[in-house]
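Welcome, and please open your viewer. We will take a short walk from one selection to the next, with a few questions along the way.

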Amino acid sequence: QVQLVESGGGLVQAGGSLRLSCAASERTFSNVAMGWYRQAPGKQRELVAAITNRGSTNYADSVKGRFTISRDNAKNTVYLQMNSLKPEDTAVYYCAAGPSTRDISRGFGSWGQGTQVTVSS
């Protein structure tokens, strides 16, 4: 089983930045697709960003131009750089790993415990 541990969440003022990290206990990390979900009270779960084993990325329209997903295979870690944060970005953010981004998009794979991101007005 893949273990995922998120970190980097917290409270930030609107317009500020945060970088989320997700460390994976996966010896074949370089061959695993990774992604970030978020879920806020009263809202549907949203796949924010995903990255393939080859480094190809996809983003939700709501975060394009503001968020960047990246991975460091040497550290078995995926990052989500969040800039120009808005109050609507407030949510619990979950790291996900799976065989492909398609698998992640349908909820198949491993999930982390989540980290709270709160953006104040």
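How many bridges join strand 5 to strand 6? Before you look, please note that this is a predicted model. Now select strand 5, residues 46-51, together with strand 6, residues 57-59. Three bridges join the two, and the strands run antiparallel. To see one pairing, pick alanine 50, whose bridge partner in strand 6 is asparagine 58. Next, follow the hairpin of strand 5 and strand 6, where five residues sit between the strands. Stop at glycine 55 in this hairpin, which takes a positive phi near 95°.

**Next stop: strand 4**

Keep strand 5 selected and add strand 4, residues 33-39. Strand 4 and strand 5 pair in the antiparallel sense over five bridges. Which residue of strand 5 stands opposite tryptophan 36? Click on alanine 49, and you have found that residue. The hairpin of strand 4 and strand 5 has six residues between the strands. Glycine 42 in this hairpin has a positive phi near 80°.

**An open sheet**

Now select strands 1, 3, 8 and 7, four strands that form an open sheet in the order 1-3-8-7 with antiparallel pairing. Which strands stand at the edges? They are strand 1 (4-7) and strand 7; each has a single partner strand, so one side of each is left without a neighbour in the sheet. On average, neighbouring strands of this sheet are turned by 15° against each other, direction ignored.

Zoom in on strand 3, residues 18-24, which pairs with strand 8 in the antiparallel sense over six bridges. Click on leucine 18 and then on its bridge partner in strand 8, methionine 82.

**The loop after strand 8**

Move on to the loop between strand 8 (77-82) and strand 9 (91-98), where you will find asparagine 83. Is asparagine 83 buried or exposed? The answer lies between the two: at 28% relative accessibility, asparagine 83 counts as partly exposed, because buried means under 20% and exposed over 50%. Its side chain makes a polar contact of 2.9 Å with the side chain of glutamine 81. Show glycine 16 as well: the C-alpha atoms of asparagine 83 and glycine 16 are separated by 6.2 Å, although the two are 67 residues apart along the chain. Leaving aside neighbours within four places in sequence, asparagine 83 is in contact with Gly16, Ser17, Arg66 and Phe67.

One of those contacts, arginine 66, is the next thing to select. Arginine 66 lies in the loop between strand 6 and strand 7 (67-72). With 10% relative accessibility, arginine 66 counts as buried. Which side chain does the side chain of arginine 66 join through a polar contact of 2.7 Å? Show aspartate 89 to see this partner. Sequence neighbours within four places aside, arginine 66 also touches other residues, including Gln81, Met82 and Ser84.

**Into the core**

Go one residue on and select phenylalanine 67. Among its contacts beyond four places in sequence are Arg38, Val48, Tyr59, Leu80 and Tyr93. Phe67 also belongs to the largest nonpolar core, which has 28 residues. Colour Met34, Trp36, Phe67, Val78, Leu80, Met82 and Tyr93, the members that touch the most other members. Strands 3, 4, 5, 7, 8, 9 and 11 (115-120) each supply at least two residues of this core. In soluble globular proteins, nonpolar side chains tend to be buried together.

**Last stop: three rings**

How many aromatic pairs does the structure hold? There are two. Select tyrosine 37 and tryptophan 111, a stacked pair with 4.5 Å centre to centre and 15° between the planes. Tyrosine 37 lies in strand 4 and tryptophan 111 in strand 10 (residues 110-111), so the pair ties together parts that are 74 residues apart in sequence. Tyrosine 37 is buried, with a relative accessible area of 1%, whereas tryptophan 111 is partly exposed at 29%.

Now add tyrosine 94, which forms a tilted pair with tryptophan 111, 5.8 Å centre to centre and with 55° between the planes. This pair links tyrosine 94 in strand 9 with tryptophan 111 in strand 10, 17 residues apart. With Tyr37, Tyr94 and Trp111 all shown, you can view the cluster that the ring pairs link together.

How values were computed. Residues numbered from 1 in each chain as written. Predicted model: local features only at pLDDT ≥ 70, side-chain atom pairs only at ≥ 80, totals over all residues. Heavy atoms only, no water. Buried < 20%, exposed > 50% of the residue type's maximum accessible area, 1.4 Å probe, protein only. Polar contact = N/O pair within 3.5 Å; in protein donor to acceptor, adjacent residues only side chain to side chain. Contact = heavy atoms within 4.5 Å. Pairing = 2+ DSSP bridges. Axes fitted to C-alpha atoms, helices over the stretch in contact; angles between N-to-C directions. Phe/Tyr/Trp six-rings, centres within 6.5 Å; stacked < 30°, edge-to-face > 60°. Core = buried A, V, L, I, M, F, W, Y, C linked by side-chain atoms within 4.5 Å.
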